[in-house]
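Grab a pencil and work through these exercises with the structure open beside you. Try each task before you read its solution.

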Amino acid sequence: MAAVWKRGKFTAVVLLLQLIFIILFGIFVRYEKSADARAIENSVDYRRGGANANNNPVKGLYPMFQDVHVMIFVGFGFLMTFLKRYGFSSVGLNMLIAAFVIQWSILLSGFLHLHDGHIELSIKGLLTADFAAAAVLITFGALLGKTSPLQLIVIAFLEIVFFTLNEWVGLTFIKVADVGGSMFVHVFGAYFGLAASRVLYSVDIEESRKEGSVYHSDIFAMIGTLFLWMYWPSFNSALAVGDDQHRAVINTYLALASCCVVSFAISAVLSKDTKFDMVHIQNSTLAGGVAVGTCADMMIEPFGALVIGTVAGTLSVIGYKYITPLLASKLKIHDTCGVNNLHGMPGILAGLGGIVAAALATEDIYGKSLYITFPARAPMFNTTELYEVNRFLTIDAGDGRSAGAQAGMQAAALAMTLVVAIVGGIITGFIVKLGIWDGPSGNNLFDDGQTWETPDDFEESLIENGVAVKRGALLGDAKEPDDDESKI
Amino acid sequence: MAAVWKRGKFTAVVLLLQLIFIILFGIFVRYEKSADARAIENSVDYRRGGANANNNPVKGLYPMFQDVHVMIFVGFGFLMTFLKRYGFSSVGLNMLIAAFVIQWSILLSGFLHLHDGHIELSIKGLLTADFAAAAVLITFGALLGKTSPLQLIVIAFLEIVFFTLNEWVGLTFIKVADVGGSMFVHVFGAYFGLAASRVLYSVDIEESRKEGSVYHSDIFAMIGTLFLWMYWPSFNSALAVGDDQHRAVINTYLALASCCVVSFAISAVLSKDTKFDMVHIQNSTLAGGVAVGTCADMMIEPFGALVIGTVAGTLSVIGYKYITPLLASKLKIHDTCGVNNLHGMPGILAGLGGIVAAALATEDIYGKSLYITFPARAPMFNTTELYEVNRFLTIDAGDGRSAGAQAGMQAAALAMTLVVAIVGGIITGFIVKLGIWDGPSGNNLFDDGQTWETPDDFEESLIENGVAVKRGALLGDAKEPDDDESKI
Amino acid sequence: MAAVWKRGKFTAVVLLLQLIFIILFGIFVRYEKSADARAIENSVDYRRGGANANNNPVKGLYPMFQDVHVMIFVGFGFLMTFLKRYGFSSVGLNMLIAAFVIQWSILLSGFLHLHDGHIELSIKGLLTADFAAAAVLITFGALLGKTSPLQLIVIAFLEIVFFTLNEWVGLTFIKVADVGGSMFVHVFGAYFGLAASRVLYSVDIEESRKEGSVYHSDIFAMIGTLFLWMYWPSFNSALAVGDDQHRAVINTYLALASCCVVSFAISAVLSKDTKFDMVHIQNSTLAGGVAVGTCADMMIEPFGALVIGTVAGTLSVIGYKYITPLLASKLKIHDTCGVNNLHGMPGILAGLGGIVAAALATEDIYGKSLYITFPARAPMFNTTELYEVNRFLTIDAGDGRSAGAQAGMQAAALAMTLVVAIVGGIITGFIVKLGIWDGPSGNNLFDDGQTWETPDDFEESLIENGVAVKRGALLGDAKEPDDDESKI
């Protein structure tokens, strides 16, 4: 019986959760009106011909949604394939977790926004579910190679609860701007993961000889890097509209360009022999996208975007070089992908950028669009302004916040996010530390052998990747990854 | 002379066909009006400015067309690179066949829809040509590693004839719904390929030691898997409009999410040591996209999509585990990529889903949109209905079919597709079995060495991938793949 | 001090240039109106709801912009990863150069189009910056493996000056059509690179044993090939509008299809044992996209596109087989990626195609759209024509050019481009040949070891890729790549 449970544990837990998702979807989730055949306007729209059918929201949002979708599955998935013996898990478990999270996130986030007791699902809901998956995948990056699939499912299940509540409070009550989710997604996911990593720390992790790359695994990782880098403007602008979206595209594009150039420059000077470090190129080049995420739709001007990218690239490379080792040695926080340098610190930088940009935002700079970017700054009553002879512009009521108050609220949301992430990560860490979830240790760390059927060359690759050891001497080692096989 | 023919056979056949395509294009193919400079409305549209120029159909369809294009060339191409010694052929011949088929398909499908004796080509024609390529590439998946390039050209040429006729009868005369082509593309391609594979069966195939993966080839294959998985909502919705399209996106996204999660769960429990099998992750995670394809634009509700994905993932993994070996041993049908599990059975499931969804479709559920999704169900005369004070909705005449009749027609189309595919596949199989087409055998199976100039490490990789044999002992083997070199 | 300079040279130069970019952006670059919150029409547009907000130019242009963006970073980057020991540099330095160029290009091109002393940046500016990057990356292809990162930065900095001036004169004064940039981007980038390569020639280059591929590096390169191939219709049509754009998509799609098929056919017959050559498949299949680039939006008819693709594929494969070796042996022009065959000769073919298409263009064929495709051909005064009862079409004044005159101007622009590219390339070549820029030589050619921290298997791969030499005998070699380490 125990053996059956041990064998079927992963399957049982995952199928049970999937069944619960199906039941909850059946009870609660409906198509939003623009996806519902019953809506008479949809029928009529068709008859009017193609141009009007193009007004369906799916048309406007779909291309950017797909870019974000690629970032989640190919971007995050391949970025993590840099480990020499953990490629199957990186790209495979990334897919599993994301597919799991998007269902759970639609439910949880939907419960907070019920319409007549129903969750109304549209393309926008798919997009925000993908954003939620990003947070969990960032956490996965901190824990990469150190958790079992079952632990990851538990982490994903719990993290989305904390994530959804934190974002909901931040957007609905604190009313902050964070168009690219740099606070609610990146800071949250990174510090949740680092907190959990602290709890799961063991000396085995530092001693593992498997936490490294091979030449081709580093090139695989560049697939992830590039799709994240290229599509980041979509991530930061998909939820914006009109000129805000246009501006978010421009600012993100520029911040990434300067960040990339500067990451190369700093990487070279920090190495002992003036060479580039692939870890920096794979990761720090992306920090500009995170760092500009909160204020991407604000009037930071093109040069402001370049400055943010420059600071982010510098900070991120320095983080990889000096801070990651310190975190491991002093605080016992092991950060496999260096999410602190790619998502954590750049995310805090984004939060600070948002505070400054909010403090400087005036109607002089933004015109009446000020009340779109910062709805809480609108006057407390609906107002209508004349903008041309006989043409009026209506502004929805807000909270009448000052620039300073908005900046303060941005700071409050950043602080809240850090606290919720760290507390949530610690709680989650202790829960998944329980033996029941089959966490890996020793030779099973950073190794696909425990959880995947592997091809014949996989064992041999262990031998070939051995350094400073003679070939023959390692032949015994080759059997090690299989010594504790029956766990997922 | 014989030597010249042998040497130039592939080149001669392919150039001749390409020449015929050019001549037929010259005689028959014209730009559709929206791509024709002469059309006065295009000239005028420009002057009205950008917004109106955006009404050109290329704008609305292009993003989804490109997603499908990526599925065809990167998705199918890389999915098949999992074989350790057949990567060049997988991604290269995939490209060749697809580029060949899209030209031939534009002609054949165009001949069935002539306008004043001309084929009018638009972005929609490029998209449907890509769909036709998908069918042939699925067939290629069943035959992977077992055919010469010349055989593939012959297969592609013949298959498109059967494919085009079958789809034409199904859509034009039987009037069924199959928005994602699960019947006309997936079922057709899979069973055409399996039938041909039966005819081409030889014992050499089962005995080949080269039909396996290496660690990095399995990661290459995940590039294909992910681009297919991410862009599948485009495949299933590109030809739909408005809320139908929106719904098809949502349903496909959800079916793929549950299918992915369930494939991992079932894969783990079916292996002897509770590990994931890469074959399942690469393929079965996609079965939900196929299985929801026929009813993706119908009112199956979000939970219905999750159920379909769950069943498809389960069925597909079970297929890989138990049915593929049975097909090979009992029926002598060797299915290299397991297309029966990814396209065949899930496609039949899609057909059944379409039958059920059609049987349940009422005006209560669909409103007047019922007659868009199922045009044959519309009354036999044009009707106009009042839907608001002074506003009317016109419904084009249909066949006045009942829900049951539509369901019956869906079943008929599925049955016809199976018959045409199997008969067509057998005929084609016998034709390409002729010695004239240089089919591979023995050591040339599953091996790029016969058809590609290969880099120096290619021979050595044969040695390194040898299992349970000592390095030295295999050195002799290394020369084998070259023993019959002069064939393409 | 000299040691500090040597160590910090790359970093100092790059950071200085990035600083200058930031300052120039601060002084000159502003958001274009459609990305500026202050513009009252943006505020008003929002309130009208989603459909109108979709009129923002970012919506219409973004999907094609992103396709081009993928071509630049993944397409060019991975296409060049075919070298066995230069993958990090190919994909990494490609990213660095492109990110550098897009900033510099926005400035230079902006200076030629100032508005009230300001550069107004919009999504279109990001797109044209990506086009400029393409030219430099083509040049990089000619020089691949033979330059230091610092040399590349200098080349990129200088090339963009020549590139921007040449294109500006061609479009603004000579008023030619070149919608896909086949002359201004492809011909320019290729011959600039070949001229520079001539200047940088050394015997070491021809003698290097590292200029080859391994099996998996050739598959990595196919990622680049396919993304270039699939998205090329976007490259050739992104800057066109309405039916012109639609036509450019169709023509490019068809030219690539026939080019792909023909490249396989010619590749097979030219090899000694009737096998495909991966170099041809990776590169020549793309030549159709270049060759149709100048006339992609013209009325060349679908069969014309197929003919152009057929000629381009044939020419390109023949180029790789016969012309590249001749250039190296006779003219001492070493062309690592064969850009002469992919961009150079097909680009000249495109220029010739443009001349012919321009010479044949009449109002009979194009209607009034003739004056959109060739604005200089419009009458010298604004004219208004009746096209329907009471509806008029206004045609902006042009230069009243005849078809022949326009064809002559197309030829002049092609000639100018060749001259500017070759002269610019020679000048730039001599500048970067100076010892100060740390160009590689000997064992550092075609090798990542000089500029990248490399994983442990990298040295070993040198051994394994050795052919016709015994394993032991090469062990000494393995240390060579590190003999001159301190240069970037």
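## Exercise 1: Two helices in chain C

H7(C) and H18(C) cross in a right-handed way. Keep in mind that this is a predicted model.

**Task.** At what angle do H7(C) and H18(C) pack, and how far apart are their axes? Are the two helices roughly parallel or roughly antiparallel?

**Solution.**
- Step 1: find the helices. H7 of chain C covers residues 149–173, and H18 of chain C covers residues 403–433.
- Step 2: read off the geometry. The angle is about 160° and the axes are 10 Å apart.
- Step 3: use the cut-off. Angles over 145 degrees count as roughly antiparallel, so H7(C) and H18(C) are roughly antiparallel to each other.
- Step 4: look at who meets whom. From H7(C), the residues in contact include Leu158(C), Phe162(C) and Asn166(C). On the H18(C) side, Val420(C), Gly424(C) and Ile427(C) are among them.

## Exercise 2: Try it again in chain B

**Task.** Which way does the crossing of H7(B) and H18(B) go, left-handed or right-handed? What are the angle and the axis distance?

**Solution.**
- Step 1: H7(B) spans residues 149–173 and H18(B) spans residues 403–433.
- Step 2: these helices pack at about 160°, with 10 Å between their axes. That makes H7(B) roughly antiparallel to H18(B).
- Step 3: the crossing of H7(B) and H18(B) is right-handed.
- Step 4: residues of H7(B) in the contact include Gln151(B), Val154(B) and Ile155(B). Those of H18(B) include Ile431(B) and Val432(B).

## Exercise 3: A packing between two chains

**Task.** How do H14(A) and H1(C) cross, and which residues make the contact?

**Solution.**
- Step 1: H14 of chain A runs over residues 301–331, and its axis comes within 8 Å of the axis of H1(C).
- Step 2: the two axes cross at roughly 155°. H14(A) and H1(C) are therefore roughly antiparallel to each other.
- Step 3: the crossing of H14(A) and H1(C) is left-handed.
- Step 4: H14(A) contributes Pro302(A), Phe303(A), Leu306(A), Val307(A) and Thr310(A) to the contact. H1(C) brings Gln18(C), Phe21(C), Ile22(C), Phe25(C) and Gly26(C).

## Exercise 4: Rings that meet

**Task.** How many aromatic pairs are found over all chains? What kind of pair do Phe88(A) and Trp452(A) form?

**Solution.**
- Step 1: a search of the whole structure finds 75 aromatic pairs.
- Step 2: take Phe88(A) and Trp452(A). Their ring centres are 5.7 Å apart and their planes are at 75°, so the pair is edge-to-face.
- Step 3: place the partners. Phe88(A) is in helix H5 of chain A, while Trp452(A) is in the loop between helix H18 and helix H19 of that chain, 364 residues apart.
- Step 4: check the burial. Phe88(A) is buried, at 0% relative accessible area, and Trp452(A) is buried at 0% too.
- Step 5: look at the second pair. Phe28(C) and Phe111(C) are edge-to-face, with 5.0 Å from centre to centre and 80° between the planes. Phe28(C) belongs to H1(C) and Phe111(C) to H5 of chain C, so this pair ties together parts 83 residues apart in sequence.
- Step 6: compare with the cut-offs for buried (under 20%) and exposed (over 50%). Phe28(C), at 22%, is partly exposed, and Phe111(C), at 30%, is partly exposed as well.
- Step 7: widen the view. Phe88(A) and Trp452(A) are part of one aromatic cluster, which also takes in residues of chain B, including Tyr215(B) and Phe264(B).

## Exercise 5: Positive phi

**Task.** Where does Lys332(A) lie, and what is its phi? Is Thr274(C) buried or exposed?

**Solution.**
- Step 1: recall the background. Most residues other than glycine have a negative phi.
- Step 2: Lys332(A) isn't a glycine, but its phi is positive, about 55°. Lys332(A) lies in the loop between H14 and H15 of chain A and is partly exposed, at 40%.
- Step 3: Thr274(C) also has a positive phi, near 60°. Thr274(C) sits in the loop between H11 and H12 of chain C and is buried, at 2%.

How values were computed: Residues numbered from 1 in each chain as written. Chains lettered and ligands numbered in written order. Predicted model: local features only at pLDDT ≥ 70, side-chain atom pairs only at ≥ 80, totals over all residues. Heavy atoms only, no water. Phe/Tyr/Trp six-rings, centres within 6.5 Å; stacked < 30°, edge-to-face > 60°. Helix = DSSP H or I, 4+ residues; strand = E, 2+ residues; numbered from the N terminus. Buried < 20%, exposed > 50% of the residue type's maximum accessible area, 1.4 Å probe, protein only. Axes fitted to C-alpha atoms, helices over the stretch in contact; angles between N-to-C directions. Parallel < 35°, antiparallel > 145°, perpendicular 65-115°, else oblique. Left-handed = near helix turned anticlockwise from the far one by under 90°. Contact = heavy atoms within 4.5 Å.
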